[in-house]
Each structure stands twice: as structure tokens, then as C-alpha cells.
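Reader: I have just opened this structure and would like to learn how to read it, one feature at a time. Where should we begin?

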Amino acid sequence: MNLILISALWGIVMMFSGLFIANKSTAKTIAVVGALVLLAGNLFDLSGKMIIDSNFNGMLQYDKFGLLFLTVIVLALLFYFLLSGKAIQEVGNHSYEYFALMFFIMSGIGLVALFNNLLILFIGIEIVSIPLYILTGADKKNLKGNEAALKYFLMGAFSTGIMLMGIAFLYGATGSFQVDKLNLTANDNFTIFLVIGVVMIMISLAFKVSAAPFHFWTPDVYDGAPTVFTSFMASIVKAAVFIGFLNLFMNGFGTITGKWQLSIAIITALTLFIGNITAVYQQSVKRMLAYSSIAQAGFMMFAIFAVNDMSKQGLLLYAAAYCLATIGIFAVLVKMKDFTIEGFNGLAKKEPLIALVVTVCFLSLAGIPLTAGFFAKYFVLAAAIKTGTYLWLVIFAVLMAAVSVYYYFRVIQAMYFKEGNSEMAETSSGFKGLLVAVAVLIILLGVAPNLLLNWLILY
Amino acid sequence: MTALLLILIPLIGGFTAFFIKEEKLVKMWSLAVAFASLAVMSYGLLFAYNLDNKVFVAEWLPQFGSSFALLMDGVSSLLCLLTVVAYPIIFASTWKSKYTAPNSFYGLMLLTQAGILGVFLAADGLLFYFFWELALIPVYFLCSKWGGEKRIAVTFKFFIYTFVGSLLMLVGLIYLYYQTADASFSMQSLYEVKLTVTQQAWLFWLFFIAFAVKMPVFPFHTWQPDTYEQSPTAVTMVLSALMVKMGLFAVVRWLIPLFPAGALMFDNVVIGLSVVGMVYASVLAMQQDDLKRLVAYSSIAHIGLMSAALFVNNESGMQGAMIQFFSHGVNVLGMWIVVELIERQFGTRKMSELGGIAQKAPALAILLVVVALANVALPLTNAFVGEFLMFNGLFKFNIWYAAVGGLSIILSAVYTLRMIQKVFFGNENAVTVNTTEINWYEKTSLVVIVAAIFIMGIYPKPVFALVQETVTMILGIFK
């Protein structure tokens, strides 16, 4: 509860500071302080000390997994602000408002992670989505950005409508909005209402996490939005929607896996295929990362597919690994002059440290051992193998992971083995230090994932 | 303790090497690290070959049934020995080669050593997978950065091939993990899993493809000649003397004990592919003009024989294959050293451009002839012991495999002797007229190899004693 409250309040604080403080660069400082306060609030949440100690008639549930997940998200936000705060200020004239919108999104993420009522899920998703439409079009003079924002808004609104419809059908079938009171059992007579309800909710959530075949908005939006905000959307927001997805399917529909598992398996396979194969053909790193984020979503879908204890561990670790790597890469990408892969040619000679960190991030995305990405993939695949069914899907997934190596390594090759003169904006030593911290965290989680997972299992 | 030190020394040494910018200093440092590993291994093998030193277990991921467990036994000890012997020789014989950014080069070389030793030692499924992939990453950077003209594409192909293989193995490994009684990755628990024949059959292939790519067995070999050709020779030595042994070793330690029924079911397929590969590679070796490609193809032929012999399910074949692990490592190292010396001096590896080197560099020529004869497995050389036993095993399994495989021996004599003739004898030409003799440390490296060839050829008993443990274990499993 602390996190939801504080982030909403801090968003308002940010907005008003914009009115009274003329200096643009104070925004980053206030935002970083805000992220720290959020972290503190979340830690109090975890230890059970809340400002308003109520679950609102069971509409929220403070389970450890959700709260721990929020810790990861808030930490990612902190890194994001520290690394990219300056770039956010440079997007346009309304730097305070950008930060404010992101705090509102955090509030929505809190709801999505802790909901126990379908309406809360709906409200949470909406709070996450609407500020994103604005952020996508934040660079007003950029036509591509405007187009992306409009596209995103129209498609997003449509999918939200589908979700609401699905919730209504589900309510009609079960008579409850409460996830833990849906009481679905595999032997039920499946009324058409229930089927339509589940399918519609599945579709809309798949849209939000950009799973194929509902992914078409992703490349355009990620490519059109200002690069710093793409980083935010592709990492923090995407991971956060997944936890809502998992919570609903685990706690609400976990008893009827047989009815929907095949659909999720097909969505997973399609997502992996389309994301990976299309990413191979991209010349722009930014667009490649957009498709790669679809591909990564395919791996995260395994957690939803499996809905068992390994899913939770897998998704938690995946969120951490994926957010760290994505934020790290985008922080560097923002500083690059040329977003094509050739733009990275010879970076290792000019900026050996930055090149090394970017390499670690890409290795992590590819899932090479000794990086967090390996264990992230390991746990989601293990979750799927544990179900004992659909092994073809797992084998298909690892083949697709091999494809992903192809396009991730192209950037590494450009940096290390190709001659070139990649141009990059000046970077401070603080920025480099933070990047190194990201790389160290990735490797630390790659050697000892139980540093994070123990919190889930033991406490 | 020995087991742990073997990984730690090159690991720490490798990371330190990155910070030594001075070229001479980093070379000396790497050589010192390599000798330190050799010293630790020799001490462990000669004076402290007991359970305390052979086994190391530390907690890693207790909730997920994986621990940092190392085990040095039988064939694993032999391959560790090969690794620590090879590294000083590699560093000494390439002492004169110049590399840009030598600190990174030597750092990555030592990290590779740590990874390879990790593969040979790991006694935990997940840890094994970890090292299996880790050994590949520094090699990827070594080949891509310091290799020949086509290095980037070639190395990438190599990387993707092996990566696909290992990922398939990962799926199999996780599946196997869920079948264990105590949810553990430890080698013992994995060995004890009871699988149906169908399960064994497809798990066998998930694992075998990973190993077959690494060895490489026909038809998974297409990455190999290009990669050997394009890599800097020091890396080629690591690849062909040590890394290919990872695949063969994995068959012995993991594949056959885990899926004996699968191995019996597909023995004809594997042996058939291997034998076809032997003849095919030998024929191709005869066509080559480039020395590196010649050695690369000849290596495929030798590896094919070893992989065939591992599946014949009799003592002779097993023993021969394991001894050959070591002999092949030593011999191919000798071949590469010669290639490296020739390329450095004359700037070409083409046999058609060389000739008459023996007149000015008799020491080099003599040493090469010995290495070459070992490559043909002449009696008194180490390779004879292994090849004889392997063919004996193959003969017992099925006479036709032995007959067809035997062709490759004849062919190997053809291309090896032709190489000696073209490169060392005949008339001098413009390229080779200014030949100079090799210097003392290059001589020493080669003498060490020649000595190893003869000692093992005449008195192979210590090696037999070392691998017998593994041979007995595997034959026991088949019964």
C-alpha cells in the first residue's frame, strides 16, 4: 500500500515542483529522491508496516511475491532515473511532467502487482497505459513520435475495451470480481460466458505484454517514442504487466490450466518466432531491441504457461535480469549519434569500459552463463519442463534463443571486431560507474541467483 | 583441493593478466601461471592422488539441488594433465608471435584454460553445463579478434553451432533433473535415474548433438576446418588439442553412464557416422594445399576413430580411445607448432610455395618427422598404442567398420608423408632460401612433445592405470 500511495503523491509533488522551480535539472534529483522514498516504502510494505493497513475488503492482497517483485521494479526505476534522468530532461520542455507521469505509472504498477480484484487489475492497467500514451508522444515536433502515440492510444484503448468486456463476461459466469473467489474447477460446465471471458482477458493482456499475434503496435511505438521512454516501456512496464498476467492466471485460472494452456503455448511459440526472426533483419539497434523485447516476452510467457512455483522464481529473476540489461543498453544507446549497428563500429577502442558493459548486457539478454540472463532463462524453461507437457515448445524456444544470439552478437562484433569511428556524446565518470554497477549486478545474479530468490523462498 | 586449485589458478591468473599492459611481462606472467597449474597437477597426481584432493564440494544453489562439486578421477585426471601440459608448451612455442593488445589475448587464453578444466572436473550437471558454455566465450573473442581475414563470420558460425548444441543439452539436463529421486543435479543422482528406453532414446540425442558438434563428428563438422584455419595458431592449438576433447570426455562421463540403453540403441549410427567421417576427412585432407586445413581434416579423422571406439562396448576400444585422448592432444600440438613456426618464418602456409626447409633447419625437420610419424600411428609412437587398441575394439564390434576405418590409416600416411616431402625436402625456392633454424625454446617445446610421443609409445602403462577406473566403470554400466 505504501508504494501505491507514495508514488501517486510523489507524482503530484513532481508536477507542482515544475510550477515553482525554474531550473530544469532539479527534476532528476527530486525524482531520484522519490525513487528512494518508494524503495523505503516498499521495504516497509515487505516488513508489514503500512501507512494504511487495509486490504480494502480483499481487493488487494499483499503477498510476498508481489511485494518482492515491486522491490525489483523500484530498484530498476532507481537505476533508470540515475542513468537516464538527464536524457529525460532533454526530451522536451516539460521535464517535471515526464517524471510525474512515470510516478503515476508506478502507482498503477503497484495495483497490477497486488490486485485481488479484477477491477483493480483493470484500473491498474489503465493507470499504467494512459501516461504511456503521453510519454510516447512527448517529443511534440517528431512526426514519428506523434504517429506512434496515436497508434498506441487507439490500439491500447481497443484492447482495454476487450479486457473490460472479458471481465464483465467472467463476472456473468462466476458472479464475482474477486480473483480468489472465482472458484473455477476443471469439471465445471464451461458456459460460453466463461470461455469468452477468459479468452478476452488473455488477448488483452497478451496485447499489453506485446505477445504475438497482438504485438503489431510494439515496433512502431518503441521505435517512434523518444529513446529514453522506450527504455522505460521495454523494461519496467513490460515486466510489471507480466506479474499481473501471472497473478491472474495462477490464482484465478490456475485450477483450469487444461483449458487455456494450449492457447498460451501457441501464443508463446508465435511470440518467440516472430520476435526473433524479425529482429534478425533489423539494421537499427533501437528497432532490433523492440523486436528483441517481443522475443524476450516469449520467454516470460513460459512462466504463465507453467503456473507453478518455478514460474514465480523464473519471472522474478527474469524481470530483474531483463530490466537491468535493457536499461543498461538503452542508457548507452541514448548517447549514441547513430542508432544503426554500424554506428557501434569500433566503440571498444574509444570507450572500452562502456563497450564491456554493453557486451555484458547483450550476453545477459542472450542467456549466456555467468550472467543473470542465463538463470532467468533456465528457471522459466525449468518451469515449463516441470509441467511435463509440451516439450516441443521448450525445444523450439532454445532454438529461437540460438537465433537471438545472432542479432545480439552483431552489436558485439561491431563494437569489438569492426573498424569504425562510432560517435558518442560525452559521458561523466558517474555515468560510467553506474553502468559498471549494472554489469556487476548482472554477473552477481548470474553466479548466485539465490541472492534474489532466497527472499522468495526463505522469508 | 587440487581440483579446486586447477580452476582457480588460471582463473585468477587470467583476470590479473588483463591488467598487465607490458607485452613481455604478460607473456612471462601467463607462462608462470601455466607452469603453476602444471606443478599443482603433477604434485596432486604423483604425491597426493587421494580422495581429499580429487573431490571438492561447496554449496552453490542448495534450493535447486546444485552444488559446486568437482571430481578428478580416471580419464578426467588424464585430460586435466593434458591441459596443464599443453598450456606451457603453447605459450612457449608461440612466444615470438605478436598480438595487438597482448594483455587481453593472454587473459582470455587463461580464462579458456579455467573453463576447459572446469568441464573436465565438474561433477554436477548444472556446473558442467556452466563451464561447457563458459569455455566457449573467451574462445569466441580470441578467434574473432586475432584471427585471419574471414575470422568474424567463421567464428560466428562455430559459436552458433556449439550454442545450439549446448542449449539442446540444457533442455535434456533439466528434464533429467526432474526425474531424479532427490531433485539434484549431482552426478550420482543423475546416474541413478531410472529412465524408460524411449526417454533414453531422445535424451541421448539431445545430449549427443551437443557433444558431436564439439568433437566434431561428421556431419556436424563443417565449422571446424574454417575455424582452425582462421584462428591464431595458439588458439587453434587450444581448440584442437583440448576443446575437442571436451566432447569426447562428455561422452565418457555423462552420455554413456546417463543413457546406456540409448548408447546401445544408437551405437551403429554413431560408429557409422564416425567411420564415414574418418574416410571422408582423410580424402579431403589429401586435397589440401594449406597446412592448417590439412591438419584440421586429419584431426577430424582421428577424432572420428575415437568417437567410434567409445561406442564399441568392449574394453579394448574404450582403453584405446582414452589413451588416444592424450596422445592425440600431444601429437596435434606438435603439428600445430610446426605449422606455426613455418608460417611465422615464411609468411605462408601453402605447401606448393614451400620446399627444402630440411637443409637449413635439420632440427626442425627431424622433430617434425617424428611428430608426423606419430600422426600416422607408426609403432613405437604413442598413437600406435591407442589406434591399435581402438581398431581391435572396432574389429570385435563389427569387422566391416574396422575395414572401412582402416582406409583412413592408409590415407593418413599418404597425406602426411606427402606433406613432409613437399615442405621439408625437394629444392629450395625463393621463399625458403633464407631459412633459419628454430631457437632453443621452440626446440624445447618440440623435444618435450617428441619425448612424450616415445615414452608413451614404449611404456604406456601409467596411462592405462590412470584410465582403468573409468573403463571399468563404463563396462560395469553396460552389464
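Author: We can begin with one residue and its surroundings, keeping in mind that this is a predicted model. Leaving aside residues up to four places away in sequence, Ile442(A) touches Ala321(A), Leu324(A), Ala325(A), Val360(A), Cys361(A), Ser364(A), Thr371(A) and Ala372(A). Ile442(A) itself belongs to helix H17 of chain A, which covers residues 429-447.

Reader: Is Ile442(A) buried or exposed?

Author: The way to decide is to count neighbours, and a residue with 20 or more other C-beta atoms within 10 Å of its own is called buried. Ile442(A) has 24 C-beta neighbours inside 10 Å and therefore counts as buried.

Reader: How far apart are Ile442(A) and Asp338(A), in sequence and in space?

Author: These two residues are 104 places apart in sequence, and their C-alpha atoms are 26 Å apart in space.

Reader: Can the same reasoning be carried from a single residue to a helix, and which residues of H7(B) are buried?

Author: One applies the count to each residue in turn. Helix H7 of chain B, residues 136-146, has 10 of its 11 residues buried, so this helix is largely enclosed by the rest of the structure. The buried ones are Leu136(B), Pro138(B), Val139(B), Tyr140(B), Phe141(B), Leu142(B), Cys143(B), Ser144(B), Lys145(B) and Trp146(B). Among the elements that cover them are H16 of chain A and, from chain B, H5, H6 (125-134), H8 (151-179), H11 and H12 (233-258).

Reader: Since H16 of chain A appears in that list, how many residues does each chain bring to the contact between the chains?

Author: In general, the size of an interface is often given as the accessible area lost when the parts come together. Here we can look at residues instead: chain A contributes 21 and chain B contributes 20. On the side of chain A that touches chain B, helices H15 (372-387), H16 (391-417) and H18 (450-458) each supply at least two residues, and H16(A) gives the most, with 12 residues. Sorted by class, that side of chain A has 18 nonpolar, two polar and one charged residues. For the model, the scores are ipTM 0.90 and pTM 0.93.

Reader: How should I read the packing of two helices, for instance H19(B) and H20(B)?

Author: One asks how closely the axes approach and at what angle they cross. The axes of H19 (residues 382-397) and H20 (residues 399-424) of chain B come within 5 Å and cross at roughly 140°, and the two helices are therefore oblique to each other. H19(B) makes this contact through Phe391(B), Leu394(B), Phe395(B) and Phe397(B), while H20(B) uses Ile399(B), Tyr401(B), Ala402(B), Gly405(B) and Gly406(B). By class, seven of the contact residues are nonpolar, two are polar and none is charged.

Reader: What does the backbone itself have to show?

Author: Most residues other than glycine have a negative phi, and most peptide bonds are trans. Leu370(A), which is not a glycine, has a positive phi of about 80°; this residue lies in the loop between H14 (352-366) and H15 of chain A and is partly exposed, with 18 other C-beta atoms within 10 Å. Ala101(B) likewise has a positive phi, of about 50°, without being a glycine, and is placed in the loop between H4 (74-93) and H5 of chain B.

Reader: Where are the cis peptide bonds of Pro216(B) and Pro219(B)?

Author: One joins Met215(B) and Pro216(B), with omega about -5°, and another runs from Phe218(B) to Pro219(B), with omega near 0°. Pro216(B) is found in the loop between H10 (197-214) and H11 (223-230) of chain B, and Pro219(B) is in the loop between H10 and H11 as well.

Reader: Finally, how would you describe chain B as a whole?

Author: One combines its elements, its dimensions and the confidence of the prediction. Chain B has 22 helices and two strands, and its C-alpha trace spans about 70 × 55 × 45 Å along the principal axes. A compact globule of 479 residues would have a radius of gyration near 23 Å, and the 21 Å of chain B agrees with that. Buried residues make up 60% of the chain. The mean pLDDT of chain B is 88, and 100% of its residues reach 70 or more; among its elements, H3 (residues 51-54) has the lowest mean, 78, and H5 (residues 102-121) the highest, 92.

How values were computed
Residues numbered from 1 in each chain as written. Chains lettered and ligands numbered in written order. Predicted model: local features only at pLDDT ≥ 70, side-chain atom pairs only at ≥ 80, totals over all residues. Axes fitted to C-alpha atoms, helices over the stretch in contact; angles between N-to-C directions. Helix = DSSP H or I, 4+ residues; strand = E, 2+ residues; numbered from the N terminus. Parallel < 35°, antiparallel > 145°, perpendicular 65-115°, else oblique. Contact = placed C-beta atoms within 7 Å. Nonpolar A, V, L, I, M, F, W, Y, C, P; charged D, E, K, R; others polar. Rg over C-alpha atoms; globule rule 2.2 N^0.38 Å. Buried ≥ 20, exposed ≤ 12 C-beta atoms within 10 Å, placed from the backbone. pLDDT = per-residue confidence, 0-100.
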